Structure formats: structure tokens, C-alpha cells
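Visitor: Here's a structure I'd like to talk through. Could you walk me around its charged side chains?

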Amino acid sequence: MSQKIIIKSNQESTLMDAIIYYMEMEKLNYVVTNDINLIDEDVTNLIYIDENDSDANQLPKKEHIEVIFVSGKKRTITSDTTVINYLITNLIQDDNCYTDVQKEYLFKKGIYHIFIERLNDLLKNDNSYNGMIYDLTEIKTIPDNWIFSFDSINDTYNWLSRKNRMLQNDFVRKVINFYDEKVYDDSLREINYLTEKLTEIKEGKKVIDLFICSKDELELFKQNYFFALLIKNISSTYKVYLIDKDRLFLDDKAIFLKLMDGVAIYNDCIYRDTYDNEISLGYVDCNENTIKEYNRYFDYILSRYGIEIKTERDLNEF
């Protein structure tokens, strides 16, 4: 028998977002409601969010339903017929305002990820738990950092693609590029990613690309099919600058090392390439101070070293 899950909640919250994120990822059959007076006979699971110390006696006690009682404090409910397990977490009181990328971090790696794992255990209930209590209240809610990486190179490209599509047209995406044959190889992955980038440019999304390279690397860039197309699509909303790699290294080595192997600066995070990582190619940092720091680096090197490219002929003057 397939699961049909009812989630009882009275309000929107990050906790509810995490539960729905899990449901969608697992493609589970679920309904969110604030009224559980009438529950269909085909309902198999009830996730009851104990908001504002609600009356636990409202819980329907039926043999065919397994209940997961989510509360901010330890409370047990007596029932001779219903399987009831417990998740105790202070996430119920979490009223912090997170960015979309910070939520993604929390759901993939942080305290909400731990909550999701325990919720998954109790929904599957392979060990026939009844009265199991997972107490997560001692786990630190806010992480020490906001950095997460990916499980594969494909995941990295998919995240970048999704993130770029979500950006508003008036936001200026700042991108720092270094040459590396792992990326500029005319592979299908790169073709798909850069095809999307060309579509964004034609749609008028604002992007500034800085290419940090030596003269020899510029010749390799020029042989790359999509680099050539990017140059042909320079416009009032898409701008390209070249920066002398050797000069930047000599004059501002500390900044140079901070920028390798490339950076994309978004409104709520930065993505940094790390090509020595064979698994994912890079990571995401959603620390607010990091975003400010990399915006300063970008503006500084653009102002001091940037050579604007307006036509293909300008490449020959680098």
C-alpha cells in the first residue's frame, strides 16, 4: 500500500519549507492542512506540527494511521491503537529570515537536513517504532559557516544553470573566469551551460565577464567555440573585460589566489571554482561577508586592470 501523508500545520515556516522540500524530493503523496477533523481512510501517515503548544488531544487515534508528532518540547501522548513517534526540535520556533541559498544549505547539510533524515526514518519506520523519541534540541541551529559543495560535476552545472535562470533581469551577475582545459573543452556539459548563457544574454540579463588570462591562454580562449560566440554577443547588457593574469599575480597576489579558479557573484552567495576538486569543480558560500568581500575584489580588479572588449578586433590588442 502506497503512503498518503497528511501534514497538519497552521502557519508557514522554514520548518514547513524543509518538510515540503523533502516530500517533493522523494515524490511522496502529501497534503498540507490545518484541519484534521476528517481524515480519509486511505491516509497512512500524519505529521502533526505542534505549533503554539496546541492541544495534542486533537490527534486522531486510528489504527491505520502512523503519527509523527513534531514539537518544541517533550510531550507524550497515550494511545492503545495508534503508532505515535516523536521529533523534538527547536526549529519550530525558528523565525530567522533565510535567503534561498541559505535554505538550500540548511536542507542539504545543516540542522534541517538532520531533521529531514530523522523524519525519513520515522516515515519509513522499517523497525516498527512506536514511542520512539528523536530529541534534536541540543543541535546547533545556525552553522559556523554557510559553505556547501556538490556530489558531482553534473550537480554543479545543474545548480549553476538553475541559479542563473532564477536571477532577475536587472541584477548584474559578476563572473571571473580563468582558463582551464577541464572546462573550456567544448564538451556537451559546457555546450549546454554556455548555450543557456547565450540565451540569457539575448534575453537581456545583465552579466559582466572578466577573463583573467595570459596571452597564450587568450589564444586558447579564441579557439573555443563558445568564447567566440560570447564575444559576438557583447551588448549594452553583456560586457566582457580581459585582465592580464601575470600582472595581476605580480601586483596583487593575495587577491589573485582568492579568485582562482573562477568566481560567480550572486545576490545571496558566491560560487567559486576549484578545478583541483575532481568531484564537483567548486562550492557555494552564502556568508554575507563573503559576498561583500568578493564584490570588492571584483570592482577593484575591474577598475585597475580591466580592458574592455567591444569587438573581436579588440582581442588582438591585449
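**Charged pairs in the model**

Guide: Sure, and let's start with Asp252: this residue is buried, at a relative accessible area of 14%. Keep in mind that this is a predicted model.

Visitor: Which residue meets the side chain of Asp252 in a salt bridge?

Guide: Asp252 sits in the loop between H8 and helix H9 (253–259), and its partner is in helix H10 (residues 288–305), 52 residues apart. That partner is partly exposed, with a relative accessible area of 41%. The N to O distance is 3.5 Å, and the residue is Arg304.

Visitor: How far apart are the closest N and O atoms of Arg247 and Asp251?

Guide: Both residues lie in helix H8 (residues 245–251), 4 residues apart, which is about one turn of the helix. Arg247 is partly exposed at 40% relative accessible area, and Asp251 is partly exposed at 40% too. They form a salt bridge, so their closest N and O atoms have to fall within 4 Å. The value here is 3.7 Å.

Visitor: Which residues are linked with Arg247 and Asp251 in a network of salt bridges?

Guide: We've just met the Arg247–Asp251 salt bridge. The pair of Arg304 and Asp252 came up before that. The network links Arg247 and Asp251 with Asp252 and Arg304.

Visitor: Is Glu196, which pairs with Arg165, buried, partly exposed or exposed?

Guide: Arg165 in helix H4 (residues 153–166) and Glu196 in helix H5 (residues 188–202) are 31 residues apart. Their closest N and O atoms are 3.9 Å apart. Glu196 has a relative accessible area of 30%, so it counts as partly exposed.

Definitions and conventions
Residues are numbered from 1 along each chain as its sequence is written. This is a predicted model: local features need pLDDT of at least 70, side-chain atom pairs count only at pLDDT 80 or more; totals for chains, interfaces and linings use all residues. Side-chain values use heavy atoms; hydrogens and water are left out. Helices (H or I, at least four residues) and strands (E, at least two) are DSSP runs, numbered from the N terminus. Buried means under 20% relative accessible area, exposed over 50%, partly exposed in between (1.4 Å probe, protein chains only).
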